[in-house]
Every structure is written in C-alpha cells, then in structure tokens.
Amino acid sequence: MHEYSIACEIFEQVIATAEAHEALEVRHIILEMGRLAHTNPDQLSFCFKAIAEGSIAENAEFVVEMIPPSLECECGYTGTVDETQIGKDGELRSELLEYIAALECPVCGRNARITGGRELIIKSIDIETEVEK
C-alpha cells in the first residue's frame, strides 16, 4: 500500500510548515489529487490520520479534492476529460480512469497527450499559531 509512504511525506511537509510558523495546532489540510495519481483518497486519509496521532496534526481535517485528467491533442484541443464519456458503452467508468494510459480527444477521437491529472499537491494548511483568549 503506497498510500502509507505518500501519507508520511505529506505529514512531514505539513509538520515542517506548521513548525516553521510556530503552530500550536494544524486544523485543516486540503490536498489536490489527480484522478490519474494511482492513489486511493480514503486510504490516504486513513494513513495520514494514523501517522498524525499524538502530533499537532492529530485532529486536523484532511480533505482531498479530486482533479480530472486534462489532455492536449494535435487538433488543438486542450482541456479536461469528461469522465462520463469514458467507456465504450457510454457508462460512467471513472472507477477505471486511474488505469488508463491514453485518452481519446473529445473533438477528433485520436489519442491525446495526457497533461494533467497525476498531481498530488498540498493546496492549503490551516494552522493555529496562538492560544485564543
């Protein structure tokens, strides 16, 4: 389960940032995760919470915002992929999206270059720096 090692890296970054700002508590973490990142958001959240026990991030809300894949095609199209159009039968196949190596251009139908959707970015960390009176 590689989510554990990813959660460890996120935890280290969150704690380093919090300590650099003399935080007393980490309240909220928002992570942007591409649908092609090959990472399960629920498992990642579970691992982060387990790692954070006993730290200033122990009670932090851990939010994962999913980013759709984006692509660029020879025909000039650039944009995100409509996940409902993946699958030959027209059914929503987003559960399989993370395993796709190439995506069809929605304009011309050719294989397009994937330009986004593999991100794993700490978008924000909300911290408490002093005791409220």
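This is a short conversation about reading helix H2 and its surroundings in a predicted model.

Visitor: I have the model open and would like to begin with a helix. How many residues does helix H2 have, and how far does it reach?

Guide: Keep in mind as we go that this is a predicted model. Helix H2 covers residues 41-52, which is 12 residues. From first C-alpha to last, H2 reaches 16 Å, close to the 16 Å expected at 1.5 Å a residue.

Visitor: Which residues of H2 are buried?

Guide: Here is the general idea to start with. An α-helix has 3.6 residues a turn, so residues three or four places apart point the same way. Now look at H2, where the buried residues are Leu44, Ser45, Cys47, Phe48, Ile51 and Ala52. These residues cover an arc of only 165 degrees around the axis, which puts them on the same side of H2.

Visitor: And which residues are exposed on the other side of H2?

Guide: There you will find Asp42 and Phe46, both exposed.

Visitor: What covers the buried residues of H2?

Guide: The cover includes helix H1 (3-20), along with strand S1 (25-34) and strand S2 (61-67).

Visitor: Let me look at the ends of H2. Which residue caps the N-terminal end?

Guide: That is Asn40, with a side-chain oxygen 2.8 Å from the backbone nitrogen of Asp42. Just after H2 comes Gly54, which takes a positive phi of about 80 degrees.

Visitor: Which residues other than glycine have a positive phi here?

Guide: The general expectation comes first. Most residues other than glycine have a negative phi. In this model, Glu22 has a positive phi of about 50 degrees although it is not a glycine. Glu22 sits in the loop between H1 and S1, and it is exposed, with a relative accessible area of 65%. His38 is another case, with a positive phi of about 55 degrees. You can find His38 in the loop between S1 and H2, where its 41% relative accessibility makes it partly exposed.

Visitor: Back to the inside, please. In the largest nonpolar core, which residues touch the most other members?

Guide: The general idea is a familiar one. In soluble globular proteins, nonpolar side chains tend to be buried together. The largest nonpolar core here has 21 residues, and Ile10, Leu44 and Phe48 touch the most other members. The elements that give two or more residues to this core are H1, S1 and H2. H1 gives the most, with 7 residues.

Visitor: If I click on Ile10, what is it in contact with beyond its neighbours within four places in sequence?

Guide: You should find Leu31, Leu44, Phe48, Phe62 and Ile122 in contact with Ile10. Apart from the largest core lies another core, of 8 residues, among them Leu36, Leu71, Cys73 and Ile114.

Visitor: Phe48 keeps turning up. How many aromatic pairs are found in the whole structure?

Guide: A pair of aromatic rings is described by the distance of the centres and the angle of the planes. A search of the whole structure finds 2 aromatic pairs. The rings of Phe11 and Phe48 have centres 6.0 Å apart and planes at 65 degrees, so this pair is edge-to-face. Phe11 lies in helix H1 and Phe48 in helix H2, so the pair ties together parts that are 37 residues apart in sequence. Phe48 and Phe62 form a stacked pair, at 4.7 Å centre to centre with 20 degrees between the planes. This pair links Phe48 in helix H2 to Phe62 in strand S2, 14 residues apart.

Visitor: Are these rings buried or exposed?

Guide: Phe11 and Phe48 are both buried, and so is Phe62. Phe11, Phe48 and Phe62 form one aromatic cluster.

Visitor: One last feature: where is Lys123, and which residues does it contact beyond its neighbours within four places in sequence?

Guide: Lys123 is found in strand S7 (residues 120-128), and it is partly exposed, with a relative accessible area of 46%. Its contacts, with those sequence neighbours left aside, are Ile30, Leu31, Glu32 and Glu65. The C-alpha atoms of Lys123 and Val63 are separated by 9.9 Å, although these residues are 60 residues apart along the chain.

Terms used
Residues are numbered from 1 along each chain as its sequence is written. This is a predicted model: local features need pLDDT of at least 70, side-chain atom pairs count only at pLDDT 80 or more; totals for chains, interfaces and linings use all residues. Side-chain values use heavy atoms; hydrogens and water are left out. The expected span of a helix is 1.5 Å times one less than its number of residues. Buried means under 20% relative accessible area, exposed over 50%, partly exposed in between (1.4 Å probe, protein chains only). The arc is that of the directions from the helix axis to the C-beta atoms. Contact means heavy atoms within 4.5 Å. A polar contact is a pair of N or O atoms within 3.5 Å; within protein, one must be able to donate a hydrogen and the other to accept it, and residues adjacent in sequence count only if both atoms are side-chain atoms. A nonpolar core is a set of buried Ala, Val, Leu, Ile, Met, Phe, Trp, Tyr and Cys residues joined through side-chain atoms within 4.5 Å. Rings of Phe, Tyr and Trp (its six-membered ring) pair if their centres lie within 6.5 Å; planes under 30 degrees apart count as stacked, over 60 as edge-to-face and the rest as tilted.
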